[in-house]
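Me: I'm new to this one and would like some help reading it. Can you walk me through the ligand's surroundings and then the domains?

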Amino acid sequence: MSLDQVQVAIVGAGISGLQAARLLQKKYRVRVLEARERVGGRLCNHQFTNGDTVDVGGQWVGPGQDRMYRLIEELGASTWPLYDSGDNLLCLNSKLRRYRGTIPRINPLALADLGIAMARFEAMAKSIDPTAPWEYKKARQWDATTLDTWLHKNCRTRLGRELFEVGIGAVFAGEAKDLSLLHALFYARSGHSLETLLAVTGGAQQDRVHGGTAGLCERMAAELGQAVQLNAAVEAVEQLPDGRLRVRHQSGSVVCERVIVALPPNQALRIRFEPELPAWRDQLLQRMPAGACIKCIARYDKPFWREEGLSGQVASPAGPVRVTFDNSEAGRESGLLMGFLEGDVARYYSNVDPEQRRAAVLDCFAQYFGERARQPLEYVDKDWSSEPWTRGCYAAHLAPGTWTSYGPRMRETNGPVHWAGTEFATEWFGYMEGALEAAERAADEVAGALARTSGRLELVTA
Ligand SMILES: Cc1cc2nc3c(=O)[nH]c(=O)nc-3n(C[C@H](O)[C@H](O)[C@H](O)COP(=O)(O)OP(=O)(O)OC[C@H]3O[C@@H](n4cnc5c(N)ncnc54)[C@H](O)[C@@H]3O)c2cc1C
């Protein structure tokens with residue numbers, strides 16, 4: 001067992017942990033401890049046999065995500081816009097209709113109903129301060145309501161609700177019944193608006209990164225060199241009598257003055273703290289469950305749907321694949337169709353034999369784009385709920401009541417323990433941009449604390 005001494009240990013080499021390390025490494029001795037044998041966490045590449053690299057985790061960046069675009073530039077990477085020309089498809093009762101934009105053409109009553117519900121939701125989201133959602137005068141009432149309850153009151157037609165739910169699935173990888181209304185409003189506000197989160201051009205699905213977003217993490221790790229330790233699953237954080245911390249991992253220990261936990265909340269709960277974290281922190285983490293999503297990608301010789309004037313984007317309340325995108329990389333020949341299984345559908349297909357799952361996904365692709373879509377050259381899917389060290393995605397959400405009971409203390413430090421990761425962001429919570437924001441805040445806190453408290457004891461239970 002080796003024993004290392006650094007000033008700051010960072011648990012997790014996702015984009016958040018790596019960014020915190022980059023910011024601190026200029027001045028301090030830093031170690032990033034990563035459980036997997038790769039960096040990137042929820043950002044992950046898959047390589048098809050022809051050399052195409054595809055993101056099986058997070059992939060898009062869009063306007064307003066300034067930190068991400070800056071990082072991409074700093075690392076010498078580049079982006080391309082997702083293919084967003086031609087008609088989108090709406091699949092209703094097994095029939096396909098073409099449309100443009102984010103809202104499909106449906107019967108006027110359902111269209112008006114959906115439009116009014118979305119406008120109401122946007123107006124409510126706008127009234128929330130994403131740095132303190134618990135402060136809004138109706139915060140308690142909204143936090144005690146699920147998004148599902150609100151939707152049933154505010155969207156009276158079944159079709160209007162079903163289409164709203166397609167959007168919710170795509171944005172949250174969850175169901176309306178899972179979400180506190182206040183959290184849903186906060187989330188939309190934190191990424192500017194629901195419209196922004198749903199849109200391609202001008203929205204959160206606008207751009208892709210050549211080499212995959214995991215490629216960014218690999219470049220960050222290369223800069224950090226020996227400071228990143230793989231296969232180092234952290235098991236315990238123990239406070240020593242002199243106030244420093246011993247971070248025990250699967251192949252040794254690191255002694256440090258400060259720890260940044262940059263993990264999904266469900267993974268942070270699996271680490272043993274000694275002394276224990278305060279009860280409120282544990283209770284908060286317990287109320288931050290992850291969404292569920294299986295990301296599915298099929299490769300064809302070319303994006304053949306474009307020849308028929310189709311964008312590759314589908315909305316289908318019946319699913320099981322409820323949304324699809326043309327994921328083909330600019331400058332490469334292959335046609336790549338990507339679809340999500342989300343929420344309850346992802347929970348179901350997580351327990352289904354992978355071959356059956358593949359067949360169900362390709363059935364959908366064939367229904368939307370014709371029989372040719374049933375026979376891809378290659379296919380890959382990734383079930384993030386089954387994935388060790390993540391166990392759900394895209395991110396955690398706050399269960400009903402959590403923002404108002406625990407929100408004000410969410411980003412507090414626990415003595416020498418600091419919190420990063422996308423779930424601790426105020427802007428773009430759940431997105432890579434949020435992960436960078438949280439990293440900056442945690443790195444600032446650590447730098448401030450090291451300047452202030454060097455050599456002085458601060459208890460984990462603080
Ligand atoms: C399918 C999917 C689609 C998504 N789409 C988008 C998108 O298009 N755009 C976008 O901006 N975001 C998207 N996201 C969300 C985005 O991926 C995340 O917000 C972001 O990657 C989170 O980064 P993080 O560093 O906070 O956490 P993570 O990436 O989860 O990093 C945490 C790290 O900690 C490690 N770890 C866990 N436990 C331990 C332990 N005990 N010891 C040591 N290490 C540990 C993990 O292995 C992991 O590397 C998507 C996510 C998924 C899964």
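Me: Which element gives the largest share of the shell around the ligand?

Reply: In this predicted model, that's H1, with three residues in the shell. Helix H1 spans 15-25, and strand E16 (293-300) and helix H15 (432-453) also give two or more residues each.

Me: How many residues surround the ligand, and which are the closest?

Reply: There are 39 of them, and Gly12, Gly14, Gly41, Gly58 and Cys393 are the closest. Sorted by class, the shell holds 22 nonpolar residues, 13 polar ones and four charged ones.

Me: How is the protein divided into domains?

Reply: Domain 1 is made of 2-41 + 212-289 + 398-453, domain 2 of 44-102 + 199-211 + 293-383, and domain 3 of 106-191.

Me: And where does the ligand lie with respect to domain 1 and domain 2?

Reply: Check who contributes to the shell. Domain 1 and domain 2 both give residues to it, so the ligand lies between them.

Me: How should I read the place where two domains touch?

Reply: People often give the size of an interface as the accessible area lost when the parts come together. Here, let's go by residues instead. The C-alpha centres of domain 1 and domain 2 are 31 Å apart, and their contact takes 14 residues from domain 1 and 16 residues from domain 2.

Me: Which helices supply at least two residues each on the domain 1 side?

Reply: Helix H9 (213-224) and H15 do, with H9 giving the largest share, six residues. By class, that side of domain 1 has seven nonpolar, four polar and three charged residues.

Technical notes:
Residues are numbered from 1 along each chain as its sequence is written. This is a predicted model: local features need pLDDT of at least 70, side-chain atom pairs count only at pLDDT 80 or more; totals for chains, interfaces and linings use all residues. A residue is near a molecule or strand if its C-beta atom, placed from the backbone, lies within 6 Å of it. Helices (H or I, at least four residues) and strands (E, at least two) are DSSP runs, numbered from the N terminus. Ala, Val, Leu, Ile, Met, Phe, Trp, Tyr, Cys and Pro count as nonpolar, Asp, Glu, Lys and Arg as charged, and the others, Gly among them, as polar. Domain bounds come from an automatic or database domain assignment. Two residues are in contact if their C-beta atoms, placed from the backbone, lie within 7 Å.
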